[in-house]
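I am opening a notebook on a structure that is new to me. My plan is to look up a few side-chain pairings and then turn to the surface.

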Amino acid sequence: MNIGAQIRQLRQQKGYSQENMADILGISTTAYGDIERGKTDLTLSRLQQISIALGTNMQELLGEALPQPQELYPGLFHQLETLQLEREKQEIELEKLRLEVAHWKRKAEEMALWSAIRSQERERIGFK
């Protein structure tokens with residue numbers, strides 16, 4: 001739906017006529033009709049006036065008129081999703097590696113401790 005049709009729909013929902021809107025905006029009925037028919041390029045200030053008159057915001061007026069980024073760049077969004085999945089997989093793999101390093105670090109500490117205990121026991125026994 002283009003912006004003119006969006007404005008028309010909101011105007012009709014509010015129960016305003018084109019004449020009412022033209023009066024509120026301080027323009028002719030013909031000029032206002034051209035806005036709804038898409039024959040007039042709207043300025044931001046005029047769009048703001050229309051949104052205030054309709055009790056809405058400019059984002060709502062532009063919401064359906066502007067294509068969503070996913071529609072403009074579908075390939076890019078697919079690449080982003082793929083990269084996000086790959087990153088999540090790498091984070092999982094990194095966490096596995098961290099756990100493995102922690103495990104082997106504990107094992108090395110245990111072996112060093114047992115080695116130290118054995119060497120002290122040998123000295124006490126007196127074997128040289």
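I began with a polar contact of 2.5 Å, which joins the side chains of Glu36 and Arg11 in what I must keep in mind is a predicted model. Looking further, I found that the side chains of Glu36 and Arg11 also meet in a salt bridge, at 2.5 Å from N to O. Glu36 lies in helix α3 and Arg11 in helix α1 (residues 3–14), so the pair ties together parts that are 25 residues apart in sequence.

I then checked the surroundings: Glu36 is buried, because its relative accessible area of 2% falls under 20%, and Arg11 counts as buried too, at 7% relative accessibility. Leaving out residues up to four places away in sequence, I noted that Glu36 touches Gly4, Ala5, Ile7, Arg8, Arg11 and Gln18.

Next I counted the salt bridges, and the structure holds 5 of them. One of these links Arg37 with Asp34, with the closest N and O atoms 2.8 Å apart, and Arg37 is partly exposed at 43% relative accessibility. Another joins Glu91 to Arg87 at 3.2 Å, both residues lying in helix α7, 4 residues apart, or about one turn of the helix. Here I recorded Glu91 as partly exposed, at 41%, and Arg87 as exposed, at 55%. Salt bridges that share partners join Arg8, Arg11 and Glu36 into one network.

Last, I looked at the surface, where Leu72, Tyr73, Leu76, Leu80 and Leu83 make a nonpolar patch of about 500 Å². Helix α7 (residues 74–125) gives the most to this patch, with 3 residues. Leu83 has its place in helix α7 and counts as exposed, at 56% relative accessibility.

Technical notes
Residues are numbered from 1 along each chain as its sequence is written. This is a predicted model: local features need pLDDT of at least 70, side-chain atom pairs count only at pLDDT 80 or more; totals for chains, interfaces and linings use all residues. Side-chain values use heavy atoms; hydrogens and water are left out. Buried means under 20% relative accessible area, exposed over 50%, partly exposed in between (1.4 Å probe, protein chains only). A polar contact is a pair of N or O atoms within 3.5 Å; within protein, one must be able to donate a hydrogen and the other to accept it, and residues adjacent in sequence count only if both atoms are side-chain atoms. Contact means heavy atoms within 4.5 Å. Patches are made of residues with over 30% relative accessible area and no salt bridge: like charges are joined within 9 Å, nonpolar side chains (Val, Leu, Ile, Met, Phe, Trp, Tyr) within 5 Å. Accessible areas come from the Shrake-Rupley method with a 1.4 Å probe; for residues, only the protein chains shown count as cover. A salt bridge is a side-chain nitrogen of Lys or Arg within 4 Å of a carboxyl oxygen of Asp or Glu. Helices (H or I, at least four residues) and strands (E, at least two) are DSSP runs, numbered from the N terminus.
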